[in-house]
Amino acid sequence: MPSLISLSGLHKSYFNDEVETAVLHGIDLEIDTGEFIAIMGPSGSGKSTLMHILGFLDRPTAGTYTFLGENTAGKNDDDLAAIRATKVSFVFQAFHLLPRATVLENVLLPLLYHPGIASIDREKYARKAIASVGLSDRAGFLSSQLSGGQKQRVAIARALVTEPALIFADEPTGNLDSASGLQVMEVLEKLNAAGHTIILVTHERTTAEFADRIVHIKDGLIESDTSSHKRRKAGADVKLK
Amino acid sequence: MKYSDILTSAFTALRRNIGRSTLTMLGIVIGVGSVVLMSSVGASMEKVILSQISSLGSKSMVIFPGSNQEGGASQVFAGHDSLTFEDIEHLEKLTTIDTIAPIVFMPGPAKRGREESSAQIMGVHPNFFHNQKMSAAQGRLLDAHDNDRAARFALLGPDVKEELFGQSDPLGKEITVGDRSYTVVGVTKALGSQFFQNADDRVYISLSVARQVTGQKYASYITMLATDSFDVAFAHVEGLLRYRHKIENPKNDPEKDDFIVRSSEQANAILSSVSLGLTLFITTVAGISLLVGGIGIMNIMLVTVTERTREIGLRKALGARPRDILLQFLAESVALTVTGGMIGLIFGLGLAWIIAQIIQGFLSTYLFAISFPSMIAAVLMAALTGVIFGISPARKASSLDPVESLRYE
């Protein structure tokens with residue numbers, strides 16, 4: 001069975017007025033289905049860029065990215081959008097909720113772009129996702145009326161609603177107090193236990209400790225890739241090429 | 001993304017920004033509203049004039065004393081002495097003229113006891129009733145016998161009858177005009193307005209009596225019916241009057257004549273040109289207002305795209321294709337203009353209806369009319385404005401980079 005994600009010699013450079021700024025210098029990495037992996041690194045190390053490429057929001061300059069056994073190099077914008085709509089989802093540090101929309105409307109949003117879920121079933125899916133983060137009683141609230149921790153749980157419900165193969169969490173506790181942050185990480189932990197693959201991008205050691213595997217990135221290269229002592233998952237196939 | 005979802009998203013976005021949406025669509029509301037209003041008033045006026053023209057028939061002609069002014073304006077002189085009764089005797093001999101009826105205005109007022117009417121007093125030849133297709137609602141019209149023996153009879157318009165007699169029967173009763181009394185022999189059927197004059201507020205006296213009373217040797221104006229072709233009759237009348245009045249006018253310069261001949265066909269032609277002018281005017285107003293409204297919408301949509309950059313990034317992260325974003329913002333722009341167009345339509349029709357109620361107070365034949373082609377064209381133009389002025393902001397939104405958009409502060 002192929003890995004969920006396989007990266008080989010991945011490079012990424014940005015060009016500004018023909019000035020090249022290299023961010024990733026050749027990343028080799030494999031991630032299997034069901035893993036809870038944290039990508040750590042200092043600011044500017046390239047961890048967010050790596051997440052954007054893995055989440056099909058950006059493209060590598062060179063190297064190979066294989067997703068579910070398929071090379072993604074030849075895919076056009078619509079193909080990548082289709083993968084984002086059905087296979088991956090995101091939880092952002094800034095939540096990115098629509099402030100004038102209700103919790104339910106925010107969670108319904110990804111279903112507008114999901115071709116496999118009928119319109120009539122959308123609300124059922126959304127309410128199920130909201131219930132799974134414990135916010136059923138807030139479904140009719142405007143997202144602007146929620147606390148930071150609740151907002152992030154709504155963002156997690158939104159990420160869950162399409163039942164994606166992979167969830168990216170980009171500094172999910174960065175804007176939260178420690179109690180709310182803990183709640184959010186516990187929700188992510190539960191999701192992983194339920195079979196969701198989670199890639200966590202963070203610079204906080206305590207947050208990263210929730211993951212089974214921690215990949216350190218520095219200056220666009222993987223510095224280390226270690227399994228967590230705390231929560232090593234039986235059978236997780238962790239490799240560093 | 002399904003089209004139904006795109007539409008729902010568009011209207012939801014407008015609802016969430018209801019204040020801004022309302023102000024943005026105001027230009028379109030005013031533009032479409034004014035077009036619908038003007039086209040409705042135009043259609044109503046056209047109906048009024050057409051009904052008056054058709055009620056007179058295509059062979060009806062009127063000669064006024066006076067002259068045509070530069071630029072096509074007419075100057076009618078009711079007291080001018082250019083149309084003499086000798087002219088009328090000669091006109092009667094023209095084979096192209098069927099019936100001719102001179103009219104002499106008399107000074108009023110008409111009175112019955114203490115009741116007084118401001119009605120127009122007209123000394124008319126009996127042919128007048130034939131030319132105007134008039135009939136009596138009560139009693140009879142004035143006839144040739146009355147005229148020949150200069151009988152002191154009066155025929156009342158229904159408004160005068162109401163004013164002087166109320167509900168009582170006027171037949172056989174006396175009224176006075178000036179210092180003379182007249183016996184009422186009939187009441188005419190209601191005519192309503194003729195060329196914006198109340199034709200029911202008149203008292204008719206035989207022409208012979210009016211001439212005796214006023215001593216007038218000229219007609220205030222003349223009505224005629226042509227036997228066949230209006231064009232030939234028109235040329236004959238013009239030629240005869242120029243000959244008798246010694247007017248050299250080989251180039252048919254209407255300013256040189258001391259009379260004006262008007263026909264229902266001419267009125268039709270004038271109406272057509274007025275209609276065309278009105279249509280061009282409405283189109284210009286619509287074009288300008290939709291252009292201004294469209295520029296306003298483009299500005300607001302560009303601001304909206306900038307404001308919602310992070311939302312665009314989020315939608316892309318959630319799987320929206322560039323096409324989905326483009327259609328969503330285009331739909332918002334079209335929803336703005338179409339909603340504005342529909343509100344303008346209702347607003348314009350409402351105002352046209354109110355105006356119709358007001359005008360009906362003094363012009364009973366004026367009816368509220370709707371110009372469906374103008375209404376449909378106005379709303380379609382509004383929708384097209386939304387597409388044209390919405391495309392640039394929508395393209396900008398669809399081309400935004402998702403990563404950059406999510407980072408936008």
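## Domains of chain B

Chain B is divided into two parts: domain 1 takes in residues 3-53 + 269-407, while domain 2 covers 83-244. Keep in mind as you look around that this is a predicted model. Taken over C-alpha atoms, the centres of domain 1 and domain 2 of chain B are 53 Å apart.

## Where the two chains meet

Let's turn to the interface. On the chain A side, 22 residues are in contact with 23 residues of chain B. A:H96, A:R100 and A:Y113 are worth picking out here, since together they supply 29% of the area that chain A buries against chain B, more than any other three residues. The size of an interface is often given as the accessible area lost when the parts come together. For chain A and chain B that area is about 2,200 Å², with 57% of it on carbon and sulfur atoms.

Polar links cross the interface too. There are eight residue pairs in polar contact between chain A and chain B, both residues being at pLDDT 80 or more. The count of salt bridges between these chains is two, and one of them joins the side chains of A:R122 and B:D5 at 2.6 Å, N to O. Helix α2 (residues 77-86) of chain A gives the most to the side of chain A that touches chain B, contributing four residues. By class, that side of chain A holds twelve nonpolar, three polar and seven charged residues.

## Salt bridges within the chains

Over all chains, the salt bridges number 25. A good one to visit in chain A is the pair A:R213 and A:D225, whose side chains meet at 2.7 Å, N to O. This pair links distant parts of the chain, with A:R213 in strand β9 (residues 213-218) and A:D225 in strand β10 (residues 221-227), twelve residues apart. A:R213 counts as buried because its relative accessibility is 1%, under the 20% cut-off. A:D225 also counts as buried, at 14%.

Chain B offers two pairs set within helices. B:E238 forms a salt bridge with B:R242, their closest N and O atoms being 3.6 Å apart. These residues are four apart in helix α8 of chain B, so about one helical turn separates them. B:E238 counts as buried at 14% relative accessibility, and B:R242 counts as buried at 10%. In the other pair, B:E404 and B:R407 form a salt bridge with closest N and O atoms 4.0 Å apart. Here the residues are three apart in helix α13 (residues 402-407) of chain B, so they too are separated by about one helical turn. B:E404 is partly exposed at 49% relative accessibility, and B:R407 is partly exposed at 43%. Elsewhere, salt bridges that share partners join B:R140, B:D143, B:D146 and B:R149 into one network.

## Individual residues to look at

Two residues that are not glycines have a positive phi: A:F56 at about 65 degrees and B:K246 at about 55 degrees. A:F56 sits in the loop between α1 (47-54) and β4 (62-67) of chain A, and is buried with a relative accessible area of 3%. B:K246 belongs to the loop between α8 (230-244) and β15 (259-263) of chain B. With a relative accessible area of 74%, B:K246 is exposed.

A:Q183 lies in helix α6 (residues 178-193) of chain A and is partly exposed, at 39% relative accessible area. The side chain of A:Q183 makes a polar contact of 3.3 Å with the side chain of A:R153. From A:H11, 172 residues away along the chain, A:Q183 is separated by 35 Å between C-alpha atoms.

Technical notes:
Residues numbered from 1 in each chain as written. Chains lettered and ligands numbered in written order. Predicted model: local features only at pLDDT ≥ 70, side-chain atom pairs only at ≥ 80, totals over all residues. Heavy atoms only, no water. Domains from an automatic or database assignment. Contact = heavy atoms within 4.5 Å. Buried area = accessible area lost by both parts, 1.4 Å probe. Polar contact = N/O pair within 3.5 Å; in protein donor to acceptor, adjacent residues only side chain to side chain. Nonpolar A, V, L, I, M, F, W, Y, C, P; charged D, E, K, R; others polar. Buried < 20%, exposed > 50% of the residue type's maximum accessible area, 1.4 Å probe, protein only.
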